[in-house]
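Trainee: I'd like to learn how to read a structure feature by feature. Could you walk me through one?

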Amino acid sequence: MPRIIAALMCILACPALAGAGAWCMPKGALYSKTSLNRYYTHDSFDDNGDLHTNPAGSYFYDYNLTWYGEYGLLDNLSLFGTLPWKRLKSHYRYLDKFTNRYKIDTTYNGFGDVEAGIKYGLVREPLVVSVQALTKLAWLYDSNEDVLPGNNQNDYELKLLLGKSLWPFPGYCGLELGYRWRFGAPADEYRYLLEFGFNPTPKIYTRFKLDGIKSARNASNRAAAASGSSGSYVTNPSLGLEYDLGKLECTLGYQFTRAWSFEFTYTAYPYGKNIAAGNQLSAAFIYYYSR
């Protein structure tokens, strides 16, 4: 029994699980992840979910350096936050009625939306069950940017998180269900996430996530939807008023020491409606400290 407990604690300490949804950080523990990300799109999903190349060859890049941190205030209470620095490039092309081709090149360099939240653990066995509250804040950029890094509004979200260790198999799985209130033009969103991670070797870990958004379809009921900053959805097609989107994230990581790890992630966008369809490459360094 002591060997089983010790082995299970090693699995729980690894970065594959330390950043997993339902588990809270132990008291005094810190999980810090700094990632360099490249998102690119020249395609969009239409209202039927069909994929189309953007007209006249328009495309969009989002390069960002993002820090995510989670800290264990208590054994069952964690604080977390995200801070991104973005470099956006939008190349928008269109044809006028005389078939003349025009293009608009716009860029943005600066902070994106800040996220801050709190996670409270309710149950540890036989399932890990937690609740999470999050707020997204548009405090660090102006509404008149040529390319908006976000919707320029504050959002609020509640989630139920479930997790299960698969011991003696060295892995875990998770499920998240939530709702995001959006207080500007865009529709509210149902949020869901499926996650599976495991360690094929003591040093190597993998993680797979299906991260989904289902629109509540209430944007048309808001006055801002008719008169808001609709131009932002032209120069930044990764934003939207009322859309569905699924992201499939595949991660391979290597743990150098108990504290330091590196991981590489590829994210595909396999389905959606009324939103850009892109792909993303990410490389990240992770620091994990626990007393």
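**Reading the model**

Mentor: Let's start with one residue: at 30% relative accessibility, N152 counts as partly exposed (buried means under 20% relative accessible area, exposed over 50%, partly exposed in between, with a 1.4 Å probe and protein chains only). This is a predicted model, where local features need pLDDT of at least 70 and side-chain atom pairs count only at pLDDT 80 or more, while totals for chains, interfaces and linings use all residues. Residues are numbered from 1 along each chain as its sequence is written, and side-chain values use heavy atoms, with hydrogens and water left out.

Trainee: What is the phi of N152, and where is N152 found?

Mentor: Phi of N152 is near 60°, a positive value in a residue other than glycine. N152 sits in the loop between β7 and β8 (helices, H or I, of at least four residues and strands, E, of at least two are DSSP runs, numbered from the N terminus). N274 also has a positive phi, about 60°, although it is not a glycine. Its place is the loop between β13 and β14 (275–289), and N274 is partly exposed at 32%.

Trainee: Which residues does a cis peptide bond join?

Mentor: One joins E125 and P126, with omega about -5°; another joins W167 and P168, with omega about 15°. P126 is in the loop between β6 (114–123) and β7 (128–137), and P168 is in the loop between β8 and β9.

Trainee: Zooming out, how many helices and strands does the protein have?

Mentor: Four helices and 14 strands. Of its 291 residues, 45% count as buried. Of the contacts with a separation of 6 or more, 62% are between residues 24 or more positions apart (contact means heavy atoms within 4.5 Å).

Trainee: How do I read aromatic pairs, and how many are there?

Mentor: A pair of aromatic rings is described by the distance of the centres and the angle of the planes. Here, rings of Phe, Tyr and Trp (its six-membered ring) pair if their centres lie within 6.5 Å; planes under 30 degrees apart are stacked, over 60 edge-to-face, and the rest tilted. The whole structure yields 19 aromatic pairs. Take Y40 and Y59: their ring centres are 6.4 Å apart and their planes at 45°, so the pair is tilted. Y40 lies in strand β1 (residues 30–45) and Y59 in strand β3 (residues 59–74), so the pair ties together parts 19 residues apart in sequence. Y59 is partly exposed, at 22%, and ring pairs link Y40, Y59, Y61 and Y63 into a cluster.

Trainee: What does F262 touch?

Mentor: Leaving out residues up to four places away in sequence, F262 touches Y205, L252, G253, Y254, F256, A283, A284 and F285. F262 lies in strand β13 (residues 260–273) and is partly exposed, at 28% relative accessibility. The C-alpha atoms of F262 and F285 are separated by 4.7 Å, although the two residues are 23 apart along the chain.

Trainee: Last one: how many disulfides are there?

Mentor: A disulfide is a covalent bond between the sulfur atoms of two cysteines. With the cut-off used here (a pair of cysteine sulfur atoms within 2.5 Å), the count is zero. As for individual cysteines, C24 is buried at 17%, whereas C250 is partly exposed at 29%.
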